[in-house]
Amino acid sequence: MNASTQADSVQSGPKTMNPREFVMLMAFIQALQALSVDSMLPALGHIASDLHVTDANHRQLVVGVFMLFSGLGCLVPGTLADRFGRRPVLLTCMALYVLLTTACALAVSFEMLLVSRAVLGLACAGFNVLPAAIIRDSFEGDRMARTQSLVSMVFMIVPMLAPSVGQAVLLAASWRWIFGVMGLMGVIVSIWAALRLPETLHPEYRQSVNIGRLTRTLGEVLTCRAAIGYVIANALVTGALLGYINSAQQLVAEHFGAGARFPLMFAGMAMCMAATAFTNARIVMRLGARRVSHGALMVYICTSLLQWHMAGPDETIWEFLPLMTLNMCLTGFLGANFSSIALQPFARTAGAAASIQVFIRIVGGSVLGIIIGNAFDGTARPLAIALVSAGVLTLGLLLFSEKGQLFKRRNPPGGPRQVA
């Protein structure tokens, strides 16, 4: 069965799904993880107070630990889904999501909450990996790219709304009910997927679990000069962004005094990032991923230096927010293009290589994000230093991978492609 036939199978039979419903379901599956991060931000102070957290920076671990274990789990769901099928692995992840959000809501200590969040992160790794595999099973070529773009556009709504959802819950109930909302969303999406989503992996394409093949691909990723610089650079940029997200509630809501306005400000920044993703999709085919990302990196470094210059006790929120929003938008030009460039040498092992690269990006970024967040000293200075450091180190890594030649378009449309 070819990919076109598989695409038809998604929209035929007793579990018929039209393209619009398919896009919405894939977006909502991915959104469960985003909801697990962004809805928590307004509640971190309440959690710290209720569970007697003595170090104010430790509250950030509610986000940081979740992201770290979400990255650690990325290598598992894809391998299992190639062996047993997409549906059973996805539905298992969803069942665990509902169970573990309940455990988080019932946690009686901060340590118990962190353990529950860690295991929840492992379960959510499937939401990172499986939607992309299902889309690849179901569509090919331009239809696949279009579907993934539509899913991403719908998905970006969640980071805009999730902090407001958390804030709304806090106005009426305890922070524990935020996990209740997450669990309810998990139940709804689980039922939706169980009733409407067919198995998209054809039996002929099932693969055995092969640790040796994954290990070989890991070696290829780590030793491929054209890719490894971009992989590590992506982890650095992700780490700087997560450092901001981890400390955003303390920095924006408390230090800058945004208070209840914080969710609205966070939503505005997320909206700008969504617009950047849309812009990148429109210009990257014309200019090339290298030219776009290399140019964005130069602006990123300059903006970060300006943030470092302005950071201090007297900095105002209206000085901080525009520059931070600009850097978040520039991250949108970096991350997606870095991932694309890093995968170019692995045409024959793209699936395994993508899993390994996502693993490195999220795990490395999560560790850096925790370190950056815990360096918070009551000002934006530690974050600004981290942004500058990430930018400069990224520039060095790109020069290494590109052998000193930036802005050169190496794989224009219709040209030969690197294959490893």
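The expected span of a helix is 1.5 Å times one less than its number of residues, and that rule is a useful check to carry into this predicted model.

**Stop one: helix H13.** Select residues 262-287, which form helix H13. With 26 residues at 1.5 Å a residue, H13 should span 38 Å, and because its end C-alpha atoms lie 36 Å apart, the two values agree. Centre next on Ala281, where H13 bends by about 30°, and then step past the end of the helix to Gly288, which follows H13 and has a positive phi, near 95°.

**Stop two: Tyr244.** Move to helix H12 and select Tyr244. Is this residue buried or exposed? Tyr244 is buried, with a relative accessible area of 1%. If you display its surroundings and set aside residues up to four places away in sequence, Tyr244 touches Leu251, Val252, Phe266, Met269, Phe320, Met324, Met328 and Leu383. Add Ala380 to the selection as well: Tyr244 and Ala380 are 136 residues apart in sequence, while their C-alpha atoms are 9.3 Å apart in space.

**Stop three: the salt bridges.** Side chains of opposite charge can pair when their charged atoms come close. How many salt bridges does a search of the whole structure find? That search finds four, and the tour now visits Arg196 with Glu21, Asp50 with Arg176, and Arg59 with Glu254.

Select Arg196 and Glu21, whose side chains meet in a salt bridge at 2.8 Å, N to O. Arg196 belongs to helix H10 (residues 176-196) and Glu21 to helix H2 (residues 19-38), so this pair ties together parts that are 175 residues apart in sequence. Arg196 counts as partly exposed, at 27% relative accessibility, whereas Glu21 counts as buried, at 16%.

Stay with helix H10 and select Arg176 together with Asp50, whose side chains meet in a salt bridge at 3.7 Å, N to O. Asp50 lies in helix H3 (residues 44-50) and Arg176 in H10, so the pair ties together parts that are 126 residues apart in sequence. Asp50 is partly exposed, at 37% relative accessibility, and Arg176 is likewise partly exposed, with a relative accessible area of 24%.

Return to helix H12 by selecting Glu254 along with Arg59; their side chains meet in a salt bridge at 2.8 Å, N to O. This pair links distant parts of the chain, with Arg59 in the loop between H3 and helix H4 (61-72) and Glu254 in H12 (residues 225-255), 195 residues apart. Arg59 is buried, with a relative accessible area of 10%, whereas Glu254 is partly exposed, with a relative accessible area of 42%.

**Stop four: the cysteines.** A disulfide is a covalent bond between the sulfur atoms of two cysteines. How many disulfides does the structure hold? The structure holds zero, a count that rests on a cut-off of 2.5 Å between cysteine sulfur atoms. Select Cys93, which is in no disulfide and whose nearest cysteine sulfur, that of Cys124, is 8.2 Å away; Cys93 is buried, with a relative accessible area of 9%. Finish on Cys272, which is also in no disulfide, the nearest cysteine sulfur being that of Cys329 at 4.8 Å; Cys272 is partly exposed, with a relative accessible area of 33%.

Conventions
Residues are numbered from 1 along each chain as its sequence is written. This is a predicted model: local features need pLDDT of at least 70, side-chain atom pairs count only at pLDDT 80 or more; totals for chains, interfaces and linings use all residues. Side-chain values use heavy atoms; hydrogens and water are left out. Helices (H or I, at least four residues) and strands (E, at least two) are DSSP runs, numbered from the N terminus. Buried means under 20% relative accessible area, exposed over 50%, partly exposed in between (1.4 Å probe, protein chains only). Contact means heavy atoms within 4.5 Å. The bend at a residue is the angle between axes fitted to the seven residues ending there and the seven starting there.
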